[in-house]
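New to this one? Here is a friendly walk through its main features, starting with the rings and moving on to the strands.

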Amino acid sequence: MSEIDSELLDILVCPLTRSKLRLEGDELVGQVGSMRYPIRDGIPVLLIEEAKLPEGFASIEEFRTKFKDQIPD
């Protein structure tokens, strides 16, 4: 399990939805939509291209459509 400083975790947000992230094992999970971002060598990788889509989504475009009302411009 990865260790992320609690102060850092307080300011990190999903780059797509801008929602808070929570630590789950070796990933950061977005509050809105549950996109999962890896943590590699203790460093959060907050790139949309590196994120795992939640179950039921085939593409990032499908995710954006579903959560369009919760994604800032």
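## Rings, strands and turns

There are 3 aromatic pairs in this model by the rule applied here. One of them joins Phe-57 and Phe-63 edge-to-face, with 5.4 Å from centre to centre and 65° between the planes. Another joins Phe-63 and Phe-67: the ring centres are 4.7 Å apart and the planes sit at 40°, so this pair counts as tilted. Taken together, Phe-57, Phe-63 and Phe-67 make up one aromatic cluster. Keep in mind as you look around that this is a predicted model.

How buried are these rings? Phe-57 has a relative accessible area of 18%, so it falls under the 20% cut-off and is buried. Phe-63 comes in at 0%, so it is buried too. Phe-67 is also buried, just like Phe-63.

Two of these rings turn up again in the largest nonpolar core, which has 16 residues. The members that touch the most other members are Leu-16, Leu-21, Leu-28, Met-35, Tyr-37, Phe-63 and Phe-67.

Now for the sheet. Which order do its strands come in? It is an open sheet of 4 strands, ordered β1-β2-β3-β4, and the pairing is antiparallel. The edges are β1 (21-24) and β4, each of which pairs on one side only.

Start at β1, the strand that holds Leu-21. This leucine has 6% relative accessibility, so it counts as buried. Setting aside residues up to four places away in sequence, Leu-21 touches Leu-9, Leu-12, Val-13, Cys-14, Leu-28, Val-29, Gly-30, Tyr-37 and Leu-46. It also has Asp-10 for company: the two residues are 11 apart along the chain, and their C-alpha atoms are separated by 8.1 Å.

What does Leu-21 stand opposite in β2? That would be Gly-30. The strands β1 and β2 pair antiparallel over 4 bridges. They also form a hairpin with 2 residues between them, and in its turn you'll find Gly-25, with a positive phi of about 65°.

Next along is β2, and it is covered on both faces. Glu-27 and Val-29 are on one side, Leu-28 and Gly-30 are on the other, and all of them are buried. Why do they split up like that? In a regular strand, side chains alternate between the two faces of the sheet.

Leu-28 has plenty of contacts to look at. Leaving out neighbours within four places in sequence, its partners include Leu-9, Leu-12, Leu-21, Met-35, Tyr-37, Ile-39, Pro-44 and Leu-46. Arg-22, Leu-23 and Arg-36 are also among them. Across in β3, the residue standing opposite Leu-28 is Tyr-37.

Glu-27 is part of β2 as well. Is this glutamate buried or exposed? Its relative accessibility is 12%, so it counts as buried. Its side chain makes a polar contact with the side chain of Arg-36, at 2.6 Å. Beyond its neighbours within four places in sequence, Glu-27 is in contact with Arg-22, Arg-36, Tyr-37, Ile-39 and Lys-52.

From β2 the chain moves on to β3. These two strands run antiparallel and are joined by 3 bridges. They form a hairpin too, with 5 residues between them, and Gly-33 in the turn has a positive phi of about 85°.

Glycines aren't alone in having a positive phi here. Ser-34 and Asp-41 have one as well, although neither is a glycine. Here are the values side by side:

| Residue | Phi | Relative accessible area |
|---|---|---|
| Ser-34 | about 65° | 28% |
| Asp-41 | about 55° | 81% |

Where do these two sit? Ser-34 is in the loop between β2 (27-30) and β3 (36-40). Asp-41 is in the loop between β3 and β4 (43-44). Ser-34 is partly exposed, because its 28% lies between the 20% and 50% cut-offs. Asp-41, at 81%, is over 50% and so counts as exposed.

Notes. Residues are numbered from 1 along each chain as its sequence is written. This is a predicted model: local features need pLDDT of at least 70, side-chain atom pairs count only at pLDDT 80 or more; totals for chains, interfaces and linings use all residues. Side-chain values use heavy atoms; hydrogens and water are left out. Buried means under 20% relative accessible area, exposed over 50%, partly exposed in between (1.4 Å probe, protein chains only). Two strands pair if DSSP finds at least two bridges between them. Rings of Phe, Tyr and Trp (its six-membered ring) pair if their centres lie within 6.5 Å; planes under 30 degrees apart count as stacked, over 60 as edge-to-face and the rest as tilted. Contact means heavy atoms within 4.5 Å. A nonpolar core is a set of buried Ala, Val, Leu, Ile, Met, Phe, Trp, Tyr and Cys residues joined through side-chain atoms within 4.5 Å. A polar contact is a pair of N or O atoms within 3.5 Å; within protein, one must be able to donate a hydrogen and the other to accept it, and residues adjacent in sequence count only if both atoms are side-chain atoms.
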